[in-house]
Amino acid sequence: MQGSNMRMSVQSLLVVMFFCFSSSTATSSNVFEAGKYTTDCVTALTNGLQTMESATSPTRSPIAVPPPKPLLICMPTDAGQFPVLLLIHGYLFRNTFYSQLLQHVASHGFIVIAPQLYTIAGPDATGEIYDTAAVTNWLTEGLQQLLPLDVEPNLAKLALAGHSRGGKTSFALALKKQLTTLKFSALIGIDPVDGRSRGSQTPPPVLTYVPNSFDLDMAVMVIGSGLGAVKRSLLLPACAPEGVNHEDFYNECRAPACYFVAKDYGHVDMLDDITWLFTYTMCKNGKSRKPMRQFTGGIMVAFMKAYLEGDFSSLVAIKNGNETAPVELETADCLGVSWAEEQEYKSML
């Protein structure tokens with residue numbers, strides 16, 4: 001009995017230490033604001049040309065190993081080795097629609113790559129899964145040539161993210177519907193969508209409707225929009241319909257997994273302020289894009305810092321409400337983010 005009480009006391013002390021640590025460190029670096037790094041972006045074309053959009057003037061130069069798809073890459077300008085994020089755009093969107101989100105994430109010490117998989121596409125996403133795998137496989141040989149010499153990608157810390165149909169594509173690739181030569185360590189679905197409705201999934205279907213059925217060997221986060229399942233008008237379908245949206249994706253995840261839903265924001269509210277008109281007229285939107293864009297970028301940074309770098313302070317602080325998000329959260333949940341599991345995960349990095 002005495003030994004049992006001692007063990008409980010030790011466990012209680014560790015829990016208190018963990019939550020005190022989370023609270024005290026959460027304010028040291030606000031992931032929802034721009035990070036400490038200045039950033040540059042470069043575009044790379046399949047014809048072997050690149051354009052660097054620097055703060056001074058754009059420059060063009062040839063590429064020795066062109067990428068399989070056009071790329072937009074945002075990176076820190078400071079010297080160092082940085083984790084890498086591959087971000088897949090939504091259906092019929094341009095990768096440039098995410099430039100502000102990309103720069104936000106890059107400012108916190110990540111190299112972010114956004115391929116343009118297509119301009120026009122039908123319902124079948126098989127080609128997009130194949131193309132995302134091709135871009136992933138190209139990274140080893142081709143990425144460094146597009147970066148400054150003193151900016152080095154750490155491909156051992158590689159994350160995959162996708163928005164809308166790009167979220168479906170990302171989950172499909174993580175589920176090994178196409179093989180890659182590099183291993184992903186984290187997966188992020190940004191309001192992912194698997195079709196028009198349950199029973200009307202676009203091929204290849206990803207959701208199985210079996211709880212915890214996703215066999216993923218990586219940490220997963222699903223970001224949802226509270227207004228995504230709401231129709232903008234009677235004539236238009238919801239952009240993230242019930243039965244094939246963020247809730248269903250999270251239901252099939254296993255620990256470690258996190259789930260955050262922004263209450264009063266829509267399916268495209270994390271895009272740049274200036275995009276095509278249809279991105280403002282097709283979906284039910286929030287009052288402004290900036291708060292949702294800041295939240296999406298910040299929670300992505302917090303999640304990747306946790307599962308790529310072993311720093312769980314911001315992620316746990318946000319989950320517990322100790323760090324104020326720029327949006328009201330309808331849901332903030334994590335499976336497998338306890339003190340013991342955090343320590344175990346850190347030991348494997």
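Visitor: Which two helices have axes that come within 9 Å, and at roughly what angle do they cross?

Guide: Those are helix α2 (residues 99–106) and α7, crossing at roughly 35°. Keep in mind that this is a predicted model. The crossing of α2 past α7 is right-handed.

Visitor: Which residues of α2 and α7 meet?

Guide: From α2 come Gln100, Leu101, His104 and Val105. On the α7 side they meet Arg293, Gln294, Thr296, Gly297, Gly298, Met300, Val301 and Met304.

Visitor: Let's stay with α7. What makes Lys305 and Glu309 a salt bridge?

Guide: Their side chains have N and O 3.8 Å apart, and the cut-off is within 4 Å, so the pair qualifies. Both residues lie in helix α7 (residues 289–309), four residues apart, about one turn of the helix. In general, an α-helix has 3.6 residues a turn, so residues three or four places apart point the same way.

Visitor: Why is Lys305 called buried, and how is Glu309 classed?

Guide: Buried means under 20% relative accessible area. Lys305 has 18%, so the word buried applies. Glu309 has 35%, which falls between 20% and 50%, so Glu309 is partly exposed.

Visitor: How many salt bridges does the structure hold?

Guide: The structure holds eight. One of them joins the side chains of Asp194 and Lys168, at 2.3 Å from N to O. This pair links distant parts of the chain, 26 residues apart: Asp194 is in the loop between β8 (186–190) and β9 (195–197), while Lys168 is in helix α4.

Visitor: How do you know whether Asp194 and Lys168 are buried or exposed?

Guide: Set each value against the 20% cut-off. Asp194 has a relative accessible area of 0%, so Asp194 is buried. Lys168 has 1%, so Lys168 counts as buried too.

Visitor: What makes Asp215 and Arg254 a salt bridge?

Guide: Their closest N and O atoms are 3.6 Å apart, and that is within 4 Å, so the pair meets the cut-off. Asp215 sits in the loop between β10 (200–201) and β11 (219–225), and Arg254 in the loop between α5 (246–251) and β12 (257–262), 39 residues apart.

Visitor: Why is Asp215 called exposed, and what is Arg254 called?

Guide: Exposed means over 50%. Asp215 has 57% relative accessibility, so Asp215 counts as exposed. Arg254 has 41%, so Arg254 is partly exposed.

Visitor: How do you know that the span of helix α3 agrees with what is expected?

Guide: Helix α3 (residues 126–142) has 17 residues, and at 1.5 Å a residue they should span 24 Å. The end C-alpha atoms are 24 Å apart, so the two values agree.

Visitor: What do the buried residues of α3 pack against?

Guide: They pack against β4 (71–76), β5 (80–88), β6 (111–115), β7 (151–163) and α4 (165–174). The buried residues of α3 include Ile129, Val135, Trp138 and Leu139.

Visitor: Why is Leu45 called partly exposed?

Guide: Leu45 has a relative accessible area of 34%, between the 20% and 50% cut-offs, so the label fits. Leu45 lies in the loop between β1 (39–44) and β2 (49–53). Not counting residues up to four places away in sequence, Leu45 touches Ile63, Pro66, Pro67 and Pro70.

Visitor: And what about the whole protein: how many helices and strands are there?

Guide: There are nine helices and 13 strands. Of the 349 residues, 53% count as buried.

Key. Residues numbered from 1 in each chain as written. Predicted model: local features only at pLDDT ≥ 70, side-chain atom pairs only at ≥ 80, totals over all residues. Heavy atoms only, no water. Buried < 20%, exposed > 50% of the residue type's maximum accessible area, 1.4 Å probe, protein only. Expected span 1.5 Å × (residues − 1). Contact = heavy atoms within 4.5 Å. Axes fitted to C-alpha atoms, helices over the stretch in contact; angles between N-to-C directions. Left-handed = near helix turned anticlockwise from the far one by under 90°.
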